[in-house]
Amino acid sequence: MYNHILMKKYLHIIAAFILTLCTVPAMAQDDEPTLRIGAKAGINLFNISDDPGLQESDVGLGTEFGFFGRIGDRFFVQPGVDFVTYKTHIVRTVQPRPGESDAFVARYLRVPVLIGYRSEFDGRIISYVRYYAGPAFTFNVGVKDNFLDLRRKNVRNAQFALNAGVGADIRFISLDLMYHYGFSTVLNGDDAEGKGRAFSIALGFSI
């Protein structure tokens with residue numbers, strides 16, 4: 001019940017945030033703001049920061065793909081929806097097989113809302129470098145079976161992060177590098193402290 005209420009609260013915040021920020025390009029530009037729709041796919045490197053419940057953790061390779069809308073030209077707002085898989089090998093302080101490492105793989109639905117600036121640079125290959133940052137709300141949708149006694153119920157359902165990155169356009173193809181800094185703990189529990197950190201690279205296209 002609490003998680004359901006929390007999720008509704010986050011969704012209301014997202015809606016209000018998008019509606020407010022969508023006015024930024026219109027106020028910042030004299031022309032009618034443009035709208036571009038696109039899709040992207042990429043990989044990420046993920047780890048969990050120090051947590052008293054973890055003896056060991058490493059950086060794991062995951063995947064992500066999603067869709068976005070870019071509203072504006074030089075100044076823009078870019079909301080989107082991403083389907084993300086984060087992976088890391090960990091050893092918990094308490095688990096069925098003491099000292100044995102296994103992969104912790106969690107799947108999320110991520111909703112980022114980015115505010116950005118696009119430069120006027122127009123090179124022969126790379127054009128219009130973009131800089132952006134903004135919040136992201138993620139919702140856990142599943143955890144892969146493991147030997148760590150970690151199930152979906154052990155992972156925080158709703159999490160909050162700050163994203164920042166840089167991108168460039170190569171004709172109709174885009175390349176984006178982004179860093180994800182989590183503010184919410186990954187695991188449930190009163191003693192949980194570990195937060196998600198990820199770096200991603202993605203290729204996309206837009207129309």
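Modeller: Relative accessible area sorts residues into three classes (1.4 Å probe, protein chains only): buried is under 20%, exposed is over 50%, and partly exposed lies in between. Arg74, with a relative accessible area of 35%, is therefore partly exposed. This is a predicted model, in which local features need pLDDT of at least 70 and side-chain atom pairs count only at pLDDT 80 or more, while totals for chains, interfaces and linings use all residues. Residues are numbered from 1 along each chain as its sequence is written, and side-chain values use heavy atoms, with hydrogens and water left out.

Biologist: How many bridges join strand S1 to strand S3?

Modeller: Strands (E, at least two residues) are DSSP runs, numbered from the N terminus, and two of them pair if DSSP finds at least two bridges between them. Here S1 (residues 35-48) and S3 (residues 60-72) run antiparallel and are joined by twelve bridges. One can locate Leu35 and find Ile71, its bridge partner in S3.

Biologist: Which residue is the bridge partner of Leu45 in S9?

Modeller: The partner is Phe199. Strand S9 (residues 195-206) is antiparallel to S1, and eleven bridges join the two. S1 thus has partners in both S3 and S9. In a regular strand the side chains alternate between the two faces of the sheet.

Biologist: How many salt bridges does the structure hold?

Modeller: A salt bridge is a side-chain nitrogen of Lys or Arg within 4 Å of a carboxyl oxygen of Asp or Glu. The structure holds eight. Among them is the pair of Asp82 and Lys40, whose closest N and O atoms are 3.9 Å apart. This pair links distant parts of the chain, since Asp82 belongs to strand S4 (residues 75-92) and Lys40 to strand S1, 42 residues apart.

Biologist: Why does Lys40 count as buried?

Modeller: Lys40 counts as buried because its relative accessibility is 18%. Asp82 has 2% and counts as buried as well.

Biologist: Which other side chain does Asp82 meet in a salt bridge?

Modeller: Asp82 also meets Arg110, at 3.0 Å from N to O. Asp82 lies in S4 and Arg110 in strand S5, so this pair ties together parts 28 residues apart in sequence. Both Asp82 and Arg110 are buried. Salt bridges with shared partners join Lys40, Glu64, Asp82 and Arg110 into one network.

Biologist: Which residue forms a salt bridge with Glu120?

Modeller: Arg74 does, with the closest N and O atoms 4.0 Å apart. The two residues lie in loops, Glu120 between S5 (102-118) and S6, and Arg74 between S3 and S4, 46 residues apart. Glu120 counts as partly exposed because its relative accessibility is 46%.

Biologist: Which residues lie nearest the centre of the largest pocket?

Modeller: On a 1 Å grid over the protein atoms alone, a pocket is an open set of points where a 1.4 Å probe fits, with protein on both sides within 12 Å along at least five of seven lines; lining residues have an atom within 4 Å of a point. Of the 16 residues lining the largest pocket, Arg36, Arg70, Arg118, Tyr128 and Asp169 lie nearest its centre. S3, strand S6 (127-143) and strand S8 (173-185) each give two or more residues to this lining. The largest share, three residues, comes from S6.

How values were computed: Helix = DSSP H or I, 4+ residues; strand = E, 2+ residues; numbered from the N terminus.
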